[in-house]
Amino acid sequence: MTIVAGFILNKTPCCGAIYATRRYRSMNFHAFEYWTDGYRDGSLMPNDRGLRKCKCGSYYLSNELECIEQVDETDVEIANKVPKHELPLVIASARNWQMVLLARLDYWQDLNHAYREQYRSHRDAEDAATKAHWEQNNPDNRTWWQKLRGVKPPSYLLTNDRPFTFPSFKPTIEQRENMQALIELIGQEGLADKYKIELAELHRELGQFDDAQLFLSRLSADEQTPTSRHIKNMVAKQVSAPIRFSM
């Protein structure tokens, strides 16, 4: 469970404006959806990397805030996230490479949202067709009492032959340029070891499966995650699309 235990009042590095940030007693990273590009939908914790926008119009990173004091309650405004449509502005006006990196990572996920909508619609339609076919061939023979008590017939979702397909993924020029810029920036700043899973996914989404496999092969046993395992599975199948999965 995510529990907020008060707030921290902070001063921004640009104009000294005061903003509040939540102080967490416990954190729960459960989400409704998990994706291979690291995006979490419906997450119980903030799903961003700390980019913020000040009321003066400047952009800053949450770790640049200067802590003033901790309070239990406050009317001070919570630090503002950067609107998604302003991410290209952050990239163009960034004061340092760290800000560029985080903005490009957020922009990568944001540009994948259009495909996520296609993916969800496709999966919902396929599941509905599978359910209809199953019910047609497996009439509901429960008694009225079983139906009243909610006793369910075997689930069509548990059948081994349930189809699983998704739309083809065709990244736009904007997507490809941002992903390639991310790969280059991570390499230039010597961060390849820290971002091995992200690099594997970036190369996979660009259709560069050999490069994706190279970074996956560098993961130690302790670095293996559900995300990396799904990426590895998609690399083996030569699939470049971002994939939704369950934990």
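The questions below concern helix α5, the nonpolar cores and residue Q109 in a predicted model.

Q: How far apart are the end C-alpha atoms of helix α5, and what span should its 16 residues have?
A: Helix α5 runs over residues 173–188, and at 1.5 Å a residue these 16 residues should span 22 Å. The computed separation of the end C-alpha atoms agrees with that expectation, being 22 Å.

Q: Which exposed residues does α5 carry on the face turned away from its buried side?
A: The buried residues of α5 are Q175, N178, M179, L182, I183, L185 and I186. They cover an arc of only 170° around the axis, which puts them on the same side of α5, and what covers them includes α1 (87–93), α2 (97–111) and α6 (196–205). The face turned away from this buried side carries the exposed residues I173, E177, G187 and Q188.

Q: Which helix supplies the largest share of the largest nonpolar core?
A: Of the 35 residues in the largest nonpolar core, those touching the most other members are L51, V90, L101, L105, L182, I186 and L202. At least two residues of this core come from each of β6 (59–61), α1, α2, α5, α6, α7 (209–217) and α8 (226–236). The largest share, nine residues, is supplied by α2.

Q: Is Q109 buried or exposed, and what is its relative accessible area?
A: Q109 has its place in helix α2 and, leaving aside neighbours within four places in sequence, is in contact with D37, G38, Y39, R49 and R116. Because buried means under 20% relative accessible area, Q109 counts as buried, with a value of 5%.

Note on methods:
Residues are numbered from 1 along each chain as its sequence is written. This is a predicted model: local features need pLDDT of at least 70, side-chain atom pairs count only at pLDDT 80 or more; totals for chains, interfaces and linings use all residues. Side-chain values use heavy atoms; hydrogens and water are left out. Helices (H or I, at least four residues) and strands (E, at least two) are DSSP runs, numbered from the N terminus. The expected span of a helix is 1.5 Å times one less than its number of residues. Buried means under 20% relative accessible area, exposed over 50%, partly exposed in between (1.4 Å probe, protein chains only). The arc is that of the directions from the helix axis to the C-beta atoms. Contact means heavy atoms within 4.5 Å. A nonpolar core is a set of buried Ala, Val, Leu, Ile, Met, Phe, Trp, Tyr and Cys residues joined through side-chain atoms within 4.5 Å.
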